[in-house]
Amino acid sequence: MKETETTGKKDPAKPGKKKLIFILLGAGVGIFLLLLGSGWFTKQPQTDQETTLSQREELECYRADLERRIADLCAAVDGVSEVRVSVTLSGGFETVYATEIRNGVTVYATIGSGSSAKALIVAQNPPEVSGIGVVCRGGGDSAVRGTLTALLSSAFRVPTNRISIAEAG
């Protein structure tokens with residue numbers, strides 16, 4: 001038998017397996033924490049193109065809803081049927097942000113801190129209706145045209161010169 005086996009002492013030239021495992025495990029946890037902190041495992045934010053696309057979709061849904069509401073309103077008028085509507089909007093949605101005055105300078109109020117800070121949104125105003133076109137049965141009658149023009153002008157705050165009513169053919 002060898003002398004090291006009989007005494008139970010380890011050979012000082014060979015490092016302990018437990019020590020090596022702990023070092024490797026610590027290095028692995030350290031790398032994981034670095035990747036986690038750098039955002040490697042988090043969901044990537046939307047790109048500008050995806051954001052623009054969703055804004056376009058939102059604007060188109062708003063326009064379609066307005067056209068449906070206007071068509072329903074016009075169809076409720078006596079002598080009007082088979083209504084089709086087209087709406088022109090000026091611009092897009094307007095986002096209003098909260099502001100505060102710091103040292104005489106107006107700055108946006110934010111929520112969060114550091115890179116996660118986001119401006120506080122107070123309101124999101126819809127785009128203004130800049131024109132309305134209506135094609136319907138009964139639109140050729142001047143009394144119906146006048147009634148629809150006055151109705152749409154007051155309901156949607158559109159000048160009468162930006163509302164056009166035509167007879168469906």
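This passage describes the fold, surface, cysteines and pockets of a predicted model.

The protein is built from four helices and nine strands. Followed along the sequence, these elements come in the order α-α-α-β-β-β-β-β-β-β-β-α-β. Three helices thus open the pattern, a run of strands comes next, and a helix and a strand bring the pattern to its end. Contacts between residues at a separation of 6 or more are made up to 68% by residues 24 or more positions apart.

Turning to the surface, 20% of the 169 residues of the protein count as buried. The accessible surface amounts to about 12,900 Å², and carbon and sulfur atoms hold 56% of that area.

The cysteines invite a closer look. The count of disulfides in the model is zero. For C136, the closest cysteine sulfur belongs to C74 and lies 6.5 Å away, which is too far for a bond, given that a disulfide requires sulfur atoms within 2.5 Å. Burial can also be stated for two of the cysteines. C136 is buried, and its relative accessible area is 0%. C61, by contrast, is exposed, with a relative accessible area of 56%.

Pockets complete the picture. The largest pocket has a volume of about 220 Å³. Its lining consists of Y62, L66, P127, E128, V129, S154, A155, F156 and R157. Three elements, α3 (48-75), β8 (128-137) and α4 (142-156), each give at least two residues to this lining. Of the elements, α4 provides the largest share, with three residues. In terms of residue class, the lining of the largest pocket comprises six nonpolar residues, one polar residue and two charged residues.

The second largest pocket has a volume of about 180 Å³. Here the lining is formed by Q55, T95, Y97, K118 and I121. By class, these divide into two nonpolar residues, two polar residues and one charged residue.

Helix α3 offers a handy landmark for readers moving through the model, as the helix spans residues 48-75 and supplies at least two residues of the lining of the largest pocket. Strand β8, covering 128-137, likewise contributes at least two residues to that lining.

Definitions and conventions. Residues are numbered from 1 along each chain as its sequence is written. This is a predicted model: local features need pLDDT of at least 70, side-chain atom pairs count only at pLDDT 80 or more; totals for chains, interfaces and linings use all residues. Side-chain values use heavy atoms; hydrogens and water are left out. Buried means under 20% relative accessible area, exposed over 50%, partly exposed in between (1.4 Å probe, protein chains only). Contact means heavy atoms within 4.5 Å. Accessible areas come from the Shrake-Rupley method with a 1.4 Å probe; for residues, only the protein chains shown count as cover. On a 1 Å grid over the protein atoms alone, a cavity is a set of points where a 1.4 Å probe fits but cannot get out, and a pocket is an open set with protein on both sides within 12 Å along at least five of seven lines; lining residues have an atom within 4 Å of a point. Grid points are joined across faces, edges and corners, and a volume is the space filled by probe spheres set on the points. Ala, Val, Leu, Ile, Met, Phe, Trp, Tyr, Cys and Pro count as nonpolar, Asp, Glu, Lys and Arg as charged, and the others, Gly among them, as polar.
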